[in-house]
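I pulled up the model and wanted a quick look at helix packing, cysteines and the nonpolar core. My notes follow.

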Amino acid sequence: MSITAPPRTTARAEPEPTGRTAAETVLRVREYSIGGALVLLILVTWLANPSFLDQQGIKDLLLNSSILVLLATGQSVVVLTRNIDLSVGSVVGLTAFACGSFVSGTDHGPLALVLLGIALGAGCGLVSGALVSFGRVPALVVTLGMLYVIQGVDHAWAHGEQINAATVPDDILTLGSGSFLGIPYLPLISALVLAGTGYFLRTYRSGRELYAIGSNPEAARLAGIPIRRRVLTAYAFSGAVAGFAGALWLARFGTVVADAANGWELTVVSAVVVGGVAITGGVGTVWGAALGALLLTTIGSALVVLKVSSFWEQAITGALLLAAISTDRVVRSRSTRALRKRRRQ
């Protein structure tokens, strides 16, 4: 008599939703919402004033947003580690004036300009990063102090003078005003930096470790992630990008004073947070930060076209920032509850 074995059944375990997945889904939807709001804003402004989307209008919009997109890209890397860099605006002002002093009345080309700007910015970022990561001083205190120190150095150096476009080499001014196939150089440069940073954060292990540090620093330490070195690198990158932006600021405007980009710190942070990068770290993408920068820049341009008081630009930016932080708080709380429920089960 033969015994027939019962058919083998394979139980399929249904994936359990986690708080992290829910948080990422919500923030991804928010990126799509920002993109939709940006398109709607452009459409409404164009209907009110068709010149808003003529060739010159599009060019101005791209040029006005390119430097902010750059700064938001560098800031995102720092915010992902649960830190912040409030010195980026002052770094832009310092490097712009330093680069202008270096090339004024000479035949230096764009390469020397860019290398000097990146080197100065990276140096400032390393100082902040060392104090935060190795000195264990709160990032808010360090970068706010660096903001005032750099501004003081810049004003003491400038002595009320300014760099005039007439003394800046033509090749450098061409970098700020030229174009390739009708697209200005500056937006193309910003797009390349944005794409490279996004690819690094998504693909490389050291990039993913930045997310781990921001999500749970203690767990990242237990996993063997070199937290101090990663945070130092993030600040150095943010400073280098800010220095690069300072060099491009000189190329874009030609005339530079000591307080260039003064007050941009909060605008950059607003763009990052509005774009879906959680202020508590560990969640978000540089693509969302770039969308946030584009949205804030477009709001400013649209209000000018519609002849609305510039006060409303600050009010709208503040409202968007509060809404973004509130959303992050709600998502974080729900994610924590979902993870605790999963552990109990």
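**Helix 6 against helix 10**

I looked at this pair first, and helix 6 and helix 10 come out roughly perpendicular to each other. Their angle is about 95°, which falls in the 65 to 115 range that counts as roughly perpendicular. The axes sit 7 Å apart. Note to self: this is a predicted model. Helix 6 covers residues 170–177, and helix 10 runs over residues 227–253.

Next I checked who meets whom. From helix 6 I got Ile172, Leu173, Leu175 and Gly176; across from them in helix 10 are Leu248, Leu250, Ala251 and Arg252. I sorted the residues of this contact by type and got 6 nonpolar, 1 polar and 1 charged.

**The core**

Which residues touch the most other members of the largest nonpolar core? I found Leu71, Trp249, Leu250 and Val256, out of 76 residues in that core. Helix 10 gives the most to this core, with 12 residues. Leu250 thus turns up twice in my notes: in the contact with helix 6 and on the core list.

I then followed Leu71 outward. Skipping residues up to four places away in sequence, Leu71 touches Val88, Val92, Val241, Ala242, Ala245, Trp264 and Val268.

**Cysteines**

How many disulfides are there? I counted 0. I also asked whether Cys99 and Cys124 are buried or exposed. Cys99 has 0% relative accessibility, so Cys99 counts as buried. Cys124 is at 14%, which is under the 20% cut-off, so Cys124 counts as buried too.

Technical notes: Residues numbered from 1 in each chain as written. Predicted model: local features only at pLDDT ≥ 70, side-chain atom pairs only at ≥ 80, totals over all residues. Heavy atoms only, no water. Axes fitted to C-alpha atoms, helices over the stretch in contact; angles between N-to-C directions. Helix = DSSP H or I, 4+ residues; strand = E, 2+ residues; numbered from the N terminus. Parallel < 35°, antiparallel > 145°, perpendicular 65-115°, else oblique. Contact = heavy atoms within 4.5 Å. Nonpolar A, V, L, I, M, F, W, Y, C, P; charged D, E, K, R; others polar. Disulfide = S-S within 2.5 Å. Buried < 20%, exposed > 50% of the residue type's maximum accessible area, 1.4 Å probe, protein only. Core = buried A, V, L, I, M, F, W, Y, C linked by side-chain atoms within 4.5 Å.
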